[in-house]
Amino acid sequence: MARFMDVHHGMQGITSDQLNEAHKADLAIEKDEGVHFERAWADPESGTVYCLSEAPSAEAVQRIHERAGHKADEIHAVPLVV
């Protein structure tokens, strides 16, 4: 499985509860695409949200996010981790 970092823009003012609900929406259906969302971070001021996942492809990550109602604006492969 590959690791991906995806980015969502335009989420100014997102709260901890909203981030948690969005993450739970992904977790509820992630297995349908063989994806596992590990963690999510947000900057409410800039409206940027980041999600780290393991998945068979960036397309699988996007399909889960779309179904959960929050399409990613960017998805980046993260092949190196220290």
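**Reading burial and contacts in a predicted model**

Mentor: Let us begin with one residue: once the neighbours within four places in sequence are left aside, histidine 70 is in contact with His8, Ala22, Ala25, Asp26 and His65. Please keep in mind throughout that this is a predicted model.

Trainee: Where is histidine 70 found, and is histidine 70 buried or exposed?

Mentor: Burial is judged from relative accessible area, and a residue counts as buried when that value is under 20%. Histidine 70 is found in the loop between α2 and β4, and its relative accessibility is 12%, so it counts as buried. Separation in sequence and separation in space are different readings: histidine 70 and valine 81 are 11 residues apart in sequence, with 26 Å between their C-alpha atoms.

Trainee: How many helices and strands does the protein chain have, and what pattern do they follow along the sequence?

Mentor: There are 2 helices and 4 strands in the protein chain, and read along the sequence they give the pattern β-α-β-β-α-β. The C-alpha trace spans about 35 × 30 × 20 Å along its principal axes.

Trainee: What does the radius of gyration of the protein chain agree with?

Mentor: One compares the value with that expected for a globule of equal length. For 82 residues, a compact globule would have a radius of gyration near 12 Å, and the protein chain, at 12 Å, agrees with this. As for contacts, of those between residues at least 6 apart in sequence, 66% join residues at least 24 apart.

Trainee: Which residues touch the most other members of the largest nonpolar core?

Mentor: The general idea is that, in soluble globular proteins, nonpolar side chains tend to be buried together. Here the largest nonpolar core has 13 residues, and Val35, Phe37 and Val61 touch the most other members. At least two residues of this core come from each of α1 (16-29), β2 (36-43), β3 (48-55) and α2 (58-68). The contacts of phenylalanine 37 beyond four places in sequence include Leu27, Cys51, Leu52, Val61 and Ile64, and also polar or charged partners such as Asp6, His23 and Glu30.

Trainee: Which residues of α2 are buried, and what covers them?

Mentor: The buried residues of α2 are Ala60, Val61, Gln62, Ile64 and His65, and their cover includes β1 (2-8), α1, β2, β3 and β4 (74-77). For reading such a list, recall that an α-helix has 3.6 residues a turn, so residues three or four places apart point the same way. Glutamine 62 deserves attention, since with 15% relative accessibility it counts as buried; beyond four places in sequence, glutamine 62 touches Lys71, Ala72 and Ile75. After α2 comes glycine 69, whose phi is positive, near 95 degrees.

Trainee: What is the relative accessible area of glycine 47, and which residues does glycine 47 touch?

Mentor: Glycine 47 lies in the loop between β2 and β3, yet it is buried, with a relative accessible area of 0%. Not counting residues up to four places away in sequence, glycine 47 touches His8, His9, Gly10, Met11 and Gln12. Glycine 47 and glycine 13 are 34 residues apart in sequence, whereas their C-alpha atoms are 6.5 Å apart in space.

Trainee: What percentage of the residues is buried, and how much area does the protein chain expose?

Mentor: Buried residues make up 34% of the 82 residues, and the protein chain exposes about 4,900 Å², of which carbon and sulfur atoms supply 52%. Turning to charge, the chain has 7 positive and 15 negative charges, and the mean positions of these two sets are 6 Å apart.

Conventions:
Residues numbered from 1 in each chain as written. Predicted model: local features only at pLDDT ≥ 70, side-chain atom pairs only at ≥ 80, totals over all residues. Heavy atoms only, no water. Rg over C-alpha atoms; globule rule 2.2 N^0.38 Å. Buried < 20%, exposed > 50% of the residue type's maximum accessible area, 1.4 Å probe, protein only. Contact = heavy atoms within 4.5 Å. Areas by Shrake-Rupley, 256 points an atom, 1.4 Å probe, with all protein chains shown as cover. Lys, Arg positive; Asp, Glu negative; His and termini not counted. Charge placed at Lys NZ, Arg CZ, Asp CG, Glu CD. Core = buried A, V, L, I, M, F, W, Y, C linked by side-chain atoms within 4.5 Å.
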